[in-house]
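Work through the exercises below with the structure at hand. Each task is followed by its solution.

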Amino acid sequence: MIRFSHVTKEYPRTGVALNNASFHVAKGEFAFLTGPSGAGKSTILKLVYMEERPTSGEVRVGGMRSSDIKRREIPKLRRRLGIVFQDFRLLEDRTAEQNIAFALEVTGTPREAIPPKVGRLLTQVGLASKGTSLPRELSGGEQQRVAIARALVNDPVLLIADEPSGNLDERATRGIFQLLRDINASGTAVLMATHNLELVRRSEYRVIEVNRGQIVFDSAEPRPDQPPPAAV
Amino acid sequence: MRLTLREVSLGLRRAPLLSVLSVLTIAFSLFAFGLFGLVALNVSEALKRVEERVEIRAFIADGAPIEAVSAAVGDIASFPEVARVDIITPEQALARARKEMGEFQDVFDAAVLPASLEIRLKPGYRDPRTVRAVAERVKTYSFVDDVRYGEEWVQKLYNIRNIAGATGLVLGIAFAGVAVIIIGSTIRMTVLARAREISIMRLVGATDAFVRLPFLVDGFVKGVVGGLLALAMAWIAYRLIDQTLGIDSTFFQSGSAALGVVAGGVIGLLGSALSVGRHLRDV
């Protein structure tokens, strides 16, 4: 699903953000990406959805390679991915339904197919009764659910979540995490960047830890000198 | 297209002040350009009127055979540069002189003035070189005593026309450039105001063409509306100048006016294409 081969990303002003990173996330897998702020987690995610290209090395996502993907092909890749952010990135002047429908419209879904799909997605994320609410009328957890519903519009093979619970309280975080688990259980791979070590420890999923631009730990490939976190 | 139009109308409704400001900025930029265009048009018309007075006068020798003169008139009229040839008899010359010059008021004997051929040239053939060449050819007729065409005056007129043309071209390009920059910057504000929406569209897999289309339509519509406003303002300015200063001036013909409005739309479209293109490259 995702393969990083000796990927280095260097920014002209801030220097090396990722250094010689190699890892693989399989189809249907759930993996956490952890590490302190500025460690390189978001850079990895941006490289996955090809917002950035590596300075050296290669990123492969769903059969598309960073080395030869053309700019006009990136939308095709993004339609196979779902992306969720800490700040939800909803359009404030549109209702929950309209936010989800918007993603379907811009990807060319036939008009008549949109309302039933929006209804199904709202039900899936537990917001069937909040379709006509504007984002400001929803709690943080509910807004993130709308964002997740929007990320699911194209039935993605991979869901990328960049600190999805960063702005949420404990209860909402648990709800969002359960939703991501359910999505994963239905076959969608999930790559989730998080600071929430408690959440990571409580789960059984794979952990990839990044620090100062380097992958310092991968629970799928434990090193003898660095045992995995106790709860994993 | 339905979605594009909906997004354009949403954009207008969501930021009405920005939309009005954009249209007004476009309108005033095009108005300044239009005013310059009006000045250029009227200067050009005035010069054209003066140019129409460029003529070659060939004085006919006394006793010249009328058949030879008539044949020469037909011959000269067939020159490609010549618009018309008239024979001015001494009587007609005297009548004209008495009308135009006070000192001829007391002259009644037409014999004091020679007959002449009055040769007018077609537009595009009134430059000093062509006028001189035609004059030289006319001079070769045996019955022609002398040829006059105000060489110095034709040269001066030609210089003025060239200077006016070059100044008009340079100023026109400068005004158009300033209008494109101002309009581009205005549309860039609209693009920046919708940056979040653009980033979301791109994240969910919208193509660049899809993202760009509503902005192009928006820019074109604003350009056309701005162009119409600019045309209305230019017309009001023209009427005011016409009435208060009493100058017999000319306004754009309907074809040129329509072209100006379409140019507004095209500038809006180009400004949008540049702004949104730059934004898409940057994000």
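**Exercise 1. Surface and charge of chain B**

Find how much area chain B exposes, and what share carbon and sulfur atoms supply.

Solution. Chain B exposes about 15300 Å² (Shrake-Rupley method, 1.4 Å probe). Carbon and sulfur atoms supply 65% of it. The model is predicted: local features need pLDDT of at least 70, side-chain atom pairs need 80 or more, and totals for chains, interfaces and linings use all residues. Residues are numbered from 1 along each chain as its sequence is written, chains are lettered from A in the order written, and side-chain values use heavy atoms, without hydrogens and water. Now take the charges. Chain B has 31 positive side chains (Lys and Arg) and 28 negative ones (Asp and Glu). The centres of the two sets lie 17 Å apart.

**Exercise 2. Overall form of chain B**

Compare the radius of gyration of chain B with that of a compact globule of 283 residues.

Solution. Start with the rule: 2.2 Å times the number of residues to the power 0.38, over C-alpha atoms. For 283 residues this gives a value near 19 Å, but chain B has 30 Å. Next, the box. Along the principal axes, the C-alpha atoms fill roughly 95 × 40 × 30 Å. Then burial: 40% of the residues in chain B are buried (under 20% relative accessible area, 1.4 Å probe, protein chains only). Last, secondary structure: nine helices and four strands (DSSP runs; helices H or I of at least four residues, strands E of at least two).

**Exercise 3. Thr190(B)**

Is Thr190(B) buried or exposed?

Solution. Locate Thr190(B): it lies in helix H6, residues 151-193 of chain B. Its relative accessibility is 8%, so Thr190(B) counts as buried. List its partners, leaving aside neighbours within four places in sequence. Thr190(B) is in contact (heavy atoms within 4.5 Å) with Leu18(B), Ser22(B), Phe215(B), Asp218(B) and Lys222(B).

**Exercise 4. Chain A and the cores**

Which helix of chain A gives the most to the largest nonpolar core?

Solution. First, the fold: chain A has seven helices and 10 strands. Its radius of gyration is 18 Å, which agrees with the value near 17 Å for a compact globule of 232 residues. Second, the core. The largest nonpolar core (buried Ala, Val, Leu, Ile, Met, Phe, Trp, Tyr and Cys joined through side-chain atoms within 4.5 Å) has 65 residues. Phe30(A), Ile100(A) and Met192(A) are among those with the most contacts inside it. Helix H3, residues 96-106 of chain A, gives the most, with seven residues. Third, look apart from this core: another, of 34 residues, includes Met1(A), Tyr49(A) and Leu203(B).

Terms used. Buried means under 20% relative accessible area, exposed over 50%, partly exposed in between (1.4 Å probe, protein chains only). The place of a charge is taken as NZ of Lys, CZ of Arg, CG of Asp or CD of Glu.
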